[in-house]
Amino acid sequence: MTLLTTPLSIMGLLAVFFIEVILANLSRRFGAVTKMKPYYRGFYVAMAILALPLVVHLVHSSVVLSPQRGPQFLHSPVFYLFTYHLPFVAAVALGIFEAWHYWGWLFRESQLPTGRRQT
């Protein structure tokens, strides 16, 4: 089963990475139109942080597929906590914060009564 799910999990990480790329480009363009400060650079920081979990997951995938060849520390859950899970959570949290900063007005605008739209 791990032979099937290992490549799919890597594709899931790449999907999160490309979501960050898309949101960075959309936020950059939106910020240029509205003359906002370039807070969208946080998306690029999140992408840089996501690079570590991506590399660690590729290494982990090779260790899962051939467990006899990898060093012993690669089998440690603590290693994956600090090199995969925590950076992944930090990158996603930063991406969510930046997306809320740029795109939160959509939710605030939709909650206003229809007769009281702000202009």
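This is a short talk that walks through one protein chain, from its overall layout down to a few of its residues.

Hi everyone, and thanks for coming. Before we start, please keep in mind that this is a predicted model.

Let's begin with the whole chain. It has four helices and zero strands, so if you read along the sequence, the pattern you get is α-α-α-α. How much of the chain is buried? Of its 119 residues, 24% count as buried. The chain exposes about 8,200 Å², and carbon and sulfur atoms supply 72% of that area. As for how the chain meets itself, take the contacts with a separation of 6 or more: residues 24 or more positions apart account for 72% of them.

Now let's go along the sequence, starting in helix H1, which covers residues 2–34. The residue to find here is Arg 28. Its relative accessible area is 34%, so Arg 28 counts as partly exposed. Which residues does Arg 28 touch, once we set aside its neighbours within four places in sequence? Those are Tyr 40 and Tyr 44. Also have a look at Tyr 102: it is 74 residues away from Arg 28 in sequence, yet their C-alpha atoms are 9.4 Å apart in space.

Next comes the loop between H1 and H2, where you will find Lys 35. Lys 35 is exposed, with a relative accessible area of 69%. Its backbone is worth a glance too. Most residues other than glycine have a negative phi. Lys 35, however, has a positive phi, near 60 degrees.

That brings us to helix H2, residues 41–65. With 25 residues, H2 reaches 37 Å from its first C-alpha to its last, close to the 36 Å expected at 1.5 Å a residue. Which residues of H2 are buried? Among them are Gly 42, Phe 43, Ala 46, Met 47 and Leu 50. Further along, the buried set includes Pro 53, Val 56, His 57, Ser 61 and Val 63. Here is a handy thing to remember when you turn the helix on screen: an α-helix has 3.6 residues a turn, so residues three or four places apart point the same way.

Two of those H2 residues come back when we move to helix H3, residues 77–103, and pick out Glu 98. Leaving aside its neighbours within four places in sequence, Glu 98 is in contact with Gly 42 and Phe 43, and also with Tyr 39 and Tyr 40. Does Glu 98 sit buried or exposed? Glu 98 is buried, yet it has no salt bridge. The nearest side chain of opposite charge belongs to Arg 41, and that is 10 Å away.

Last stop: aromatic rings. How many aromatic pairs does the structure hold? There are five. One of them joins Phe 17 and Phe 18, with ring centres 6.0 Å apart and planes at 80 degrees, so this pair is edge-to-face. Both residues are partly exposed, Phe 17 at 24% relative accessibility and Phe 18 at 47%. Another pair is Phe 79 with Tyr 80, where the centres are 5.2 Å apart and the planes are at 75 degrees, so this one is edge-to-face as well. Here the two partners fall in separate classes: Phe 79 is partly exposed at 24%, whereas Tyr 80 is buried at 10%.

That's my tour, and I'm happy to go back to any of these residues on screen.

Note on methods. Residues numbered from 1 in each chain as written. Predicted model: local features only at pLDDT ≥ 70, side-chain atom pairs only at ≥ 80, totals over all residues. Heavy atoms only, no water. Helix = DSSP H or I, 4+ residues; strand = E, 2+ residues; numbered from the N terminus. Buried < 20%, exposed > 50% of the residue type's maximum accessible area, 1.4 Å probe, protein only. Lys, Arg positive; Asp, Glu negative; His and termini not counted. Salt bridge = Lys/Arg side-chain N within 4 Å of Asp/Glu carboxyl O. Contact = heavy atoms within 4.5 Å. Phe/Tyr/Trp six-rings, centres within 6.5 Å; stacked < 30°, edge-to-face > 60°. Expected span 1.5 Å × (residues − 1). Areas by Shrake-Rupley, 256 points an atom, 1.4 Å probe, with all protein chains shown as cover.
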